Amino acid sequence: MGGLVLRNVSKRFGPVGVIDDLSLEVGEGEFAVFLGPSGCGKSTLLRMVAGLETLSAGEIHLGRRRIDALAPGERGVAMVFQHYALYPHMTVRQNMGFGLRNVGMPATEVEAKIAQAAALLEIGDLLDRRPAQLSGGQRQRVAIGRAIVKQPEAFLFDEPLSNLDAALRARTRVELARLHQQVPSTMVFVTHDQMEAMTLATRIVVMNAGRIEQVGTPIEVYRRPATRFVAGFIGTPAMNFLPVAAVEAEGARATAVLADGMRVPTAIPATRLPAGPLTLGVRAEHVVAGQGSPAVVEVVEHLGERTLIHARLQDGSALVYAEPGDSALRAGDAATLQADGSAVHLFDGAGRAYHAGLNP
Amino acid sequence: MSGAADVLAPGAAARPVAAASAAGVGRPSLLNLLFVLPYVMLMLGLVAVPVGFGLWLSFQDYDMLGGWNGSVGLANYVNLLSDRIFQGAVRNTLLFVAMTVPAFVGLGLFLALALNDGLRRSAVLRSVFFGSSVLSVTVVTLIWRLVYMPERGLLGTVLGAFGLPEVNLVADERLALLSVVIVTLWWIIGLPMTLFLAALQQIPREIYEAAALDNAGRARTLWSITLPSLKRTILLVAVIEAILQFQIFGQVLLITGGGPNNASRPVVQFIYEAGFRDWQLGFAAAASQVLFLLMLLAALGQLWLGRRQDRG
């Protein structure tokens, strides 16, 4: 067991830089999720930890060992691949035992470990089948089982749920969370699905264009996004961004005046705000209807437990807000909307975020 | 149209609308036969009729000069069995197949494994090894006659440079067949190599990555991952090559002429000589049926072996 440390890691493919001088520590037993859009370098980073990609610069340590120069099999990691990568000609039992037999483990010990993992994953009755005879969910379990038997210092998951249908994905997500309680190893999980990240992670590493945007617990990342990118990437629907026309200081706090004239008295200290254009960010659940600026309803999405209403302010900026339960509003209706100043964020031109209270 | 369909299929009316709108699709109709008719005609005319005619011919006394002298029952087959030259031809053919087919599988697999990478060097070598396949048998044998030529040939020159005695492969009874095996391998090794290359490229990269994480070394990966993934292709190459090599003819005729002392005469050459030199069509047809049976047995045997391994 041990934590994973990445130190000044870079990766370039020829002239193209994929990962640029990235440093990160994942604590022992943590469930870290690398989250980001396609092409942000999160899978490359995971493959570098696994030893499937070389490093252009930097170091990787796992536990007390430096592992970046070791062969993949010697690193003490096990990986679950996106397409499972089960050996098609081997039975489930042979698939799970392959890595153990390769390091010369005695057959009785191999059998015991397979039986143990199979019991944990409830795949005991599948052991003599071939991968082709299994469903997607079963293959997923076998792939996880193949990782578990190795008792690695760290588990690496490369978008393992993306091939499952929605219902199975939700169920497997819960099972993975349960697995992490039973097998308290360090786990690194790559995904582009923020729901998976929010539900599984003890810490989320939000990546964009080969850089880390923010590292934090799911709630931190949701409540206090470090950058405009994080704010827009996490949360459904995405955060609303409205241009700020002017900032006025009311006491120590800043009041943002939006382009359509809406005044939003924030809890953000005015002294800390930079000069230059600002953008106000507010989530759908923090927009209050029935007061403030006039708006026109354009689209109404009924989700059952809440309703999402897409409206347009007088200056033309779009705003999504949520009402609990069913809403009687219809497209074309008029509404008045006000951003809840205690829960808004301000972003400067470079995308840096400013929150109420202590800034990081 | 839909009314007619309802009459043909009682209960169609009870089906949901979507099924009813597709009525007529997949239903047997004589009209549908028209679509396959061109193929059926070709198949009948070019395969079924000649095969049937050949079988019939093998029971006849049919001489190109003397004409048809009626059925002779199994006489052609009985004569074949006691024909020393035919026995030798069968033995030569079996030996030839036994030497070439494993060599095609082994060498093709070796070349494919060695050249299955993105290097320019490998791309050039792949073309080189496949290149000889496009040559006609005449050109190939011309090249190899220059190699095998006594005294001035490439083989003799090379052996001489090392101070070794000259070997005349073509004129030696024990080596004549081997000389044809070498020519054949050189000529068409490209096809098995290409089939193996295609199969290798079908193996997902993730599986090799999983094997690397599972501590599998090079030998282990080859034995436990690559070879099992190629099992079907190995079988395919073996069956294709067996069927092709049972019909060995051109190289032999042009290099050894079947000699010396019938040591390299294959069955097809026997058939050719019986039919088109001696004009005994019935006798030649009987020999053809024996060759057909041999090929059928060999192919079925390989498929059976492959299926048994699949289960095991």
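Start where the two domains of chain A meet: 5 residues of domain 1 are in contact with 7 residues of domain 2, contact meaning heavy atoms within 4.5 Å. This is a predicted model, so local features need pLDDT of at least 70 and side-chain atom pairs count only at pLDDT 80 or more, while totals for chains, interfaces and linings use all residues. Residues are numbered from 1 along each chain as its sequence is written, chains are lettered from A and ligands numbered from 1 in the order in which they are written, and side-chain values use heavy atoms, leaving out hydrogens and water.

**Stop 1: the domain border**

To colour the two halves, select 4-227 of chain A for domain 1 and 240-354 for domain 2; these bounds come from an automatic or database domain assignment. The C-alpha centres of domain 1 and domain 2 of chain A lie 39 Å apart. Between them, the two domains of chain A bury about 470 Å², with 48% of it on carbon and sulfur atoms. Buried area here is the accessible area (1.4 Å probe) that two parts lose on being put together, summed over both.

Now show Tyr222(A), Pro225(A) and Thr227(A) as sticks: they supply 78% of the area that domain 1 of chain A buries against domain 2 of chain A, more than any other three residues. Across this interface of domain 1 and domain 2 of chain A, the rule finds 0 salt bridges, a salt bridge being a side-chain nitrogen of Lys or Arg within 4 Å of a carboxyl oxygen of Asp or Glu. The rule does find 3 residue pairs in polar contact across the border of domain 1 and domain 2 of chain A (both at pLDDT 80 or more). A polar contact is a pair of N or O atoms within 3.5 Å; within protein, one must be able to donate a hydrogen and the other to accept it, and residues adjacent in sequence count only if both atoms are side-chain atoms.

**Stop 2: the linker loop**

Select Thr236(A) and Pro237(A), which are joined by a cis peptide bond with omega about -5°. Pro237(A) lies in the loop between helix H8 (228-233) and strand S11 (240-250) of chain A. Helices (H or I, at least four residues) and strands (E, at least two) are DSSP runs, numbered from the N terminus.

**Stop 3: hairpins on S16**

Move on to strand S15 (287-302) and strand S16 (306-313) of chain A, which pair in the antiparallel sense over 7 bridges; two strands pair if DSSP finds at least two bridges between them. S15(A) and S16(A) form a hairpin with 3 residues between them, and Gly304(A) in the turn has a positive phi of about 100°.

Click His310(A) in S16(A): Val299(A) stands opposite it. Val320(A) in S17(A) also stands opposite His310(A). S16(A) and strand S17 (318-324) of chain A pair in the antiparallel sense over 7 bridges. Their hairpin has 4 residues between S16(A) and S17(A), with Gly316(A) in the turn at a positive phi of about 95°.

**Stop 4: the open sheet**

Next, pick out the 4 strands of chain A that form an open sheet in the order S2-S1-S4-S5, with antiparallel pairing. Strand S2 (16-26) and strand S5 (65-66) of chain A are at the edges with a single partner strand each, so one side of each is left without a neighbour in the sheet. Inside it, S1 (4-13) and S4 (57-62) of chain A pair in the antiparallel sense over 5 bridges. Find Arg7(A), whose bridge partner in S4(A) is Glu59(A).

While you're here, check Asp21(A), which is found in strand S2 of chain A. Asp21(A) is not a glycine, yet has a positive phi of about 45°.

**Stop 5: a long-range pair**

Select Arg203(A) and Glu30(A), whose side chains meet in a salt bridge (2.5 Å, N to O). Arg203(A) lies in strand S9 (203-208) of chain A and Glu30(A) in the loop between S2 and strand S3 (31-35) of chain A, so the pair ties together parts that are 173 residues apart in sequence.

**Stop 6: over to chain B**

Finally, bring up both chains: chain A and chain B bury about 1,800 Å² between them, 54% of it on carbon and sulfur atoms. Between chain A and chain B the count is 2 salt bridges. Zoom in on Lys150(A) and Asp214(B), which form a salt bridge with the closest N and O atoms 2.7 Å apart. For chain A and chain B, 12 residue pairs are in polar contact (both at pLDDT 80 or more).
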